[in-house]
Amino acid sequence: MIVWINGAFGAGKSTLAAGLHTALSQSVLADPEDIGALLRQSMAGHYQQLPDYQDYPAWRRLTVHLITELHQLAGGPVIVPMTVLNQAYARDMFTPLSRLGTAFHHLVLHADPGPLTARINTSLEYPGDGPRSEAVRSHRRRRTPDYEHAATAWLHTVAHVIDTSTLTPGQTLQAALAHLFHTST
């Protein structure tokens, strides 16, 4: 199976991905952000450089290719924690991934604005490096309205939504596993 974990920045995608990786035997993690970093580095200073790596069609194609290859190589679940808020970009990736002949699960981690803001404000991505952690928190705050718009416009209608507003990471993991095992049978 392929499990794409989408949702608000700071909603717990990486935490859930780590939990699923531990819980699902033979699973592997795929991080499309690594492809984005490679594209960002490669295109730095180029006249066709784009501010968001998700805007590169190559990022979407390479992400699909990576996940497909990992699925074939590992033979087990591929877990993908990545926020994708552009519906066309999601379709570019999710359509071919859903046609691979394996279960494709699109999970969205949702948190109401109050709990999400509290999580963002207390997150410490880089212990000992306050400015770097604040840069991550600032990015997450800036992107919250983008998530809220996508959630109401399309995202919550095409995915299984797990409302994490009042859930612990362990409860979120249990909710995700319950969904995966319920829909896989």
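Reader: Axes are lines fitted to C-alpha atoms, for helices over the stretch in contact, and angles run from 0 to 180 degrees between N-to-C directions. How do the axes of α2 and α3 cross?

Author: The axes of α2 and α3 (residues 57-74) cross at roughly 140 degrees and come within 10 Å. That makes α2 oblique to α3 (under 35 degrees is roughly parallel, over 145 roughly antiparallel, 65 to 115 roughly perpendicular, and the rest oblique). Helices here are DSSP runs of H or I with at least four residues, numbered from the N terminus. This is a predicted model, where local features need pLDDT of at least 70, side-chain atom pairs count only at pLDDT 80 or more, and totals for chains, interfaces and linings use all residues. Residues are numbered from 1 along each chain as its sequence is written, and side-chain values use heavy atoms, with hydrogens and water left out.

Reader: Which residues make the contact of α2 and α3?

Author: From α2 there are P32, I35, G36 and L39, and they face A58, W59, L62, T63 and L66 of α3 (contact means heavy atoms within 4.5 Å). By class, seven of the contact residues are nonpolar, two are polar and none is charged (Ala, Val, Leu, Ile, Met, Phe, Trp, Tyr, Cys and Pro count as nonpolar, Asp, Glu, Lys and Arg as charged, the others, Gly among them, as polar).

Reader: Nice. And at what angle do α3 and α4 cross?

Author: For α3 and α4 (residues 87-98), the angle is roughly 25 degrees, and the axes come within 10 Å. That makes α3 roughly parallel to α4. On the α3 side, W59, R60, T63, V64, I67 and T68 make the contact, and on the α4 side Y89, D92, M93, P96 and L97. This contact has seven nonpolar, two polar and two charged residues. W59 and T63 of α3 also take part in the contact with α2.

Reader: Moving along the chain, how do α5 and α6 pack?

Author: Helix α5 (residues 113-122) packs on α6 (residues 130-153) at about 160 degrees, and their axes are 10 Å apart. That makes α5 roughly antiparallel to α6. P113, L116, I120 and N121 of α5 meet R137, R140, R141, T144 and E148 of α6. Three nonpolar, two polar and four charged residues form the contact.

Reader: New topic: which helices help line the largest pocket?

Author: At least two lining residues each come from α1 (13-23), α2 (32-43), α5, α6 and α7 (169-184). Helix α6 supplies the largest share, five residues. A pocket is an open set of points on a 1 Å grid over the protein atoms alone where a 1.4 Å probe fits, with protein on both sides within 12 Å along at least five of seven lines, and lining residues have an atom within 4 Å of a point.

Reader: What classes of residue are in the lining of the largest pocket?

Author: The lining has 18 nonpolar, 13 polar and 11 charged residues.
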